[in-house]
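Subject: Structure handover

Hello,

Here is the structure I promised to pass on. Please open it first, then read the notes below.

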Amino acid sequence: MDLSATPSRSKSKPKSSPAKPIAAPAEPQMDLCTPSKPTPRRKTKSAASPAPMSPATPSTVRRSRRLLDTPTKAAQEVPVKATPPPAARGKRAAPSPKTPAQREPKRQRRQPRKRAYYRKVVYDGGEFEVGGDVYVKRREEAELDAEEPEEEECRVCFRAGGGVMVECDACLGGFHLRCVRPPLRRVPEGDWACPYCESERAGKAVERPRPPEGKRILRTAKEKLLSSDLWAARIESLWREPDGMFWAKVRWYIIPEETAAGRQPHNLRRELYRTNDLGDIEMETILRHCSVLCPKDFRNADDGGDDVFYCEYEYDIHWHNFKRLADIDDEPETKEDPSDVPYNAGNDYNSDTDEDSEYDEEEEPKSCLAARRNQLHGLAANSRKGRTYGLQKIGIRKIPEHVRCHQKTELEKAKATLLLATLPKSLPCRDKEMEEISTFVKDAICNDQCLGRCLYIHGVPGTGKTMSVLAVMRRLRSEFDSGTLKPYCFIEINGLKLASPENIYKVIYEQLSGHRVGWKKALHYLTEHFSGVSKIGKQANQPIILLIDELDLLLTRNQSVLYNILDWPTKPNSNLVVIGIANTMDLPEKLLPRISSRMGIQRLCFGPYNFRQLQEIITSRLKGIDAFEEQAIEFASRKVAAMSGDARRALEICRRAAEFADYRIKQSGQTSANKGDGVVCMGDIEAAIQEVFQAPHIQVMKNCPKFGKVILVAMVHELYKSGLGEVTFDKLATTVLSWCHVNRELLPGYDTLMKICCKLGESKVILCEEGSKHKLQKLQLNYPSDDVTFALKESPDLPWLSKYL
């Protein structure tokens with residue numbers, strides 16, 4: 001009898017003799033230990049046929065029953081008798097004098113065996129152990145597309161093998177390096193998207209290659225998991241029931257779509273969440289191994305196969321919150337007992353008699369066993385006990401169909417694509433500016449000597465300055481991957497993320513070398529690097545493109561930080577290109593002459609959007625989503641263009657209007673949202689504008705005293721003129737007094753202005769520096785300047801304020 005064959009699910013045959021069966025000869029056990037360090041995962045996919053691997057490795061495919069019927073040479077498992085835990089053995093009954101009734105045969109007087117736990121079980125040709133990650137069958141009827149390819153096929157030539165393959169980070173499809181257009185010479189570093197996904201992001205119509213006639217693309221287990229035909233789980237414990245059935249307690253993984261928050265823009269395509277929901281399933285529902293890795297292991301797994309996933313957070317299905325796994329204390333797991341030994345499920349459990357047992361296990365009442373089975377019936381079942389496997393509830397909401405199968409309405413799609421965090425497929429209305437940035441960068445890095453250069457980009461907030469630069473850098477990255485552009489190093493820094501201006505030295509040095517030092521040492525090393533004394537990092541001779549957003553936040557009293565950064569490109573062979581972004585137009589003129597001279601004369605201005613450009617931006621985001629009336633989009637664009645021309649404000653108004661329309665339709669019980677026939681109307685846009693521009697703080701600005709309005713407008717004027725985020729009270733009072741004198745208003749005193757600023761600070765309209773109230777106290781506006789403009793531009797008691805806005 002083949003001891004490694006699949007255990008039969010039929011009833012056991014009656015034994016003709018109670019004698020012990022002859023054990024099969026033991027053969028050498030295969031080495032089934034999993035490698036301690038995962039192999040690289042994503043970038044290269046081996047083209048050669050896979051070498052025979054152990055069943056315990058993540059990429060091993062368990063043989064199906066149909067394949068087990070064919071004669072193959074497989075290493076048989078050593079039949080080992082399982083030993084119960086000491087707790088179960090300790091509860092053995094004490095010996096007592098035998099009665100005549102007890103002199104019956106041993107088989108009749110012995111109590112039936114109970115549950116036995118194991119660390120490792122060899123089941124149907126695969127080895128499963130506690131702590132392993134596995135694929136779990138979802139439905140019994142989901143047998144369509146049951147075959148699984150041994151190797152993934154190229155999405156262009158539809159052939160497996162034949163060269164190195166690279167995976168697209170957007171569609172997760174595999175491509176030969178030679179099949180990509182233009183062909184790739186090497187595997188790209190970092191994120192890479194195929195040309196078809198890049199074209200779709202740019203809003204271009206693209207047709208993907210189709211397989212030859214008569215050929216069907218077989219889906220991998222990863223694709224089935226992402227399309228709700230499989231589940232993933234972590235094995236917590238393994239045991240055998242008295243009837244010989246093997247069960248496992250698993251902890252479920254879910255994809256971001258299954259959470260209450262849904263998939264967010266920052267989620268990876270291979271990202272899973274570990275849950276706090278446990279379930280009991282039969283071993284028959286487990287298909288094979290997968291690998292769910294932490295961020296550190298996932299980063300190093302560049303060639304670990306297709307069954308590798310990323311998990312960083314745990315999701316609470318009851319409270320709908322997230323917790324980082326690294327912050328969770330090690331929970332008490334199932335302790336491994338030395339007496340627990342691997343068990344080969346291929347050995348027929350029913351072929352042995354009970355008289356061979358050397359222990360009694362803890363009894364479990366039959367009523368509890370029946371109740372447990374009835375409870376598990378809705379969670380997992382085999383072909384005899386039901387139709388559905390796996391997770392059935394998320395929180396308190398029962399989902400008859402998987403959340404991944406939920407079809408989003410047009411309004412839900414519109415709300416998702418109008419989020420400010422959503423990366424648009426294309427960036428319209430800035431083609432001219434993007435072309436100038438691309439020409440500047442290419443001229444700088446393609447030069448043999450790579451002379452240092454500086455480019456200053458300025459414009460009002462919300463005009464696409466940073467997004468345009470990042471779009472150009474993504475385009476240059478694709479040109480580098482295709483081999484048409486020389487290597488370079490790109491460093492992006494935002495001034496708002498720096499605790500102090502001097503910390504920029506630490507960030508630049510860490511990006512180049514990978515080590516952290518103090519800002520003084522970092523300044524010393526960077527100065528030597530750009531002066532040519534000693535180079536930093538492996539990419540020492542490559543050009544460096546340094547992007548500094550919110551450049552005006554690096555201003556200090558002696559302006560030394562800006563001087564050092566702008567002085568480095570002037571060094572011979574510094575290979576440094578600096579791109580600075582700020583909202584202030586005349587920032588170079590406010591700097592010291594030695595700094596403004598090094599900034600150069602190359603400037604690029606991003607003007608505010610007009611209503612046609614805003615309308616085009618919104619329409620491009622909503623391409624293919626019929627959820628807005630054209631008049632509603634035009635109305636929102638004109639309203640924002642008249643105030644500030646901020647594209648972010650226009651997108652926020654449209655997204656809020658979509659939320660109003662979605663709520664209105666759900667309350668009325670209509671189904672027109674699925675059709676998307678102009679469900680967002682002018683009334684929804686008007687309600688959103690009223691909410692955005694007539695918030696409580698706007699009412700406070702409109703109803704504040706006359707000198708309070710003058711202070712707010714003067715603060716906006718001074719902040720825009722200086723480019724800084726704060727202004728001193730002395731400078732603000734000087735501006736207010738000069739305006740009142742010019743416009744023939746009553747001149748207030750310093751104490752009056754101080755009291756008004758304190759009232760505005762109590763209302764949180766402005767933020768006041770902590771400490772004593774004096775003339776050098778710093779003040780900061782707590783709301784966007786657009787709100788001040790909207791509230792006070794048409795003030796009836798002070799009509800002359802409009803000329804300062």
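A residue counts as buried when its relative accessible area is under 20%, as exposed when over 50%, and as partly exposed in between. By that rule Asp646, with a relative accessible area of 8%, is buried. Please keep in mind that this is a predicted model.

**Overall**

The protein has 805 residues, and 44% of them are buried. It contains 24 helices and 23 strands. Take the contacts between residues at least 6 apart in sequence: 72% of them join residues at least 24 apart.

**Salt bridges**

Side chains of opposite charge can pair when their charged atoms come close. In the whole structure, the search finds 32 salt bridges. Three of them are worth a look.

Start with Asp646. Its salt-bridge partner is Arg648, and the closest N and O atoms are 3.5 Å apart. The two ends sit in unlike settings: Asp646 is buried at 8%, whereas Arg648 is partly exposed at 42%.

Next comes Arg656, which forms a salt bridge with Glu691. Here the closest N and O atoms are 2.6 Å apart. What does this pair tie together? Arg656 lies in helix α18 (residues 647–668) and Glu691 in helix α19 (residues 682–693), so the bridge ties together parts that are 35 residues apart in sequence. Arg656 is partly exposed, with a relative accessible area of 23%. Glu691 is partly exposed too, at 36%. Both residues also belong to a network of salt bridges, which links Glu652, Arg655, Arg656, Glu659 and Glu691.

The third pair is Glu726 and Lys778, whose side chains meet in a salt bridge at 3.5 Å, N to O. This pair links distant parts of the chain, 52 residues apart. Glu726 is in the loop between α21 (706–722) and β21, while Lys778 is in strand β23. Relative accessibility is 35% for Glu726, which counts as partly exposed. Lys778 is partly exposed as well, at 37%.

**The sheet at β23**

Lys778 leads us to a sheet. Which strands make it up, and in what order? The sheet is open and has 3 strands in the order β21-β23-β22, with antiparallel pairing. β21 (727–728) and β22 (766–768) stand at the edges with a single partner strand each, so one side of each has no neighbour in the sheet. Strand β23 covers residues 778–781, and 2 bridges join β21 to this antiparallel partner. In one bridge pairing, Val727 has Leu779 of β23 as its partner.

A helix lies across part of this sheet. Helix α23 (residues 750–762) lies across β22 and β23. It runs at about 110 degrees to β22.

**Two packed helices**

Now back to α19, the helix that holds Glu691. How do α17 and α19 cross? The axes of helix α17 (residues 630–643) and α19 come within 8 Å and cross at roughly 25 degrees. Angles under 35 degrees count as roughly parallel. α17 and α19 are therefore roughly parallel to each other. Their crossing is right-handed.

Which residues meet there? On the α17 side they are Gln631, Ala632, Phe635, Ala636, Lys639 and Met643. On the α19 side they are Met682, Ile685, Glu686, Ile689 and Phe693.

Over to you.

Best wishes

Definitions and conventions:
Residues are numbered from 1 along each chain as its sequence is written. This is a predicted model: local features need pLDDT of at least 70, side-chain atom pairs count only at pLDDT 80 or more; totals for chains, interfaces and linings use all residues. Side-chain values use heavy atoms; hydrogens and water are left out. Two strands pair if DSSP finds at least two bridges between them. Helices (H or I, at least four residues) and strands (E, at least two) are DSSP runs, numbered from the N terminus. Contact means heavy atoms within 4.5 Å. Axes are lines fitted to C-alpha atoms, for helices over the stretch in contact, and angles run from 0 to 180 degrees between N-to-C directions. A salt bridge is a side-chain nitrogen of Lys or Arg within 4 Å of a carboxyl oxygen of Asp or Glu. Buried means under 20% relative accessible area, exposed over 50%, partly exposed in between (1.4 Å probe, protein chains only). Angles under 35 degrees count as roughly parallel, over 145 as roughly antiparallel, 65 to 115 as roughly perpendicular and the rest as oblique. A crossing is left-handed if the near helix is turned anticlockwise from the far one by less than a right angle, and right-handed if clockwise.
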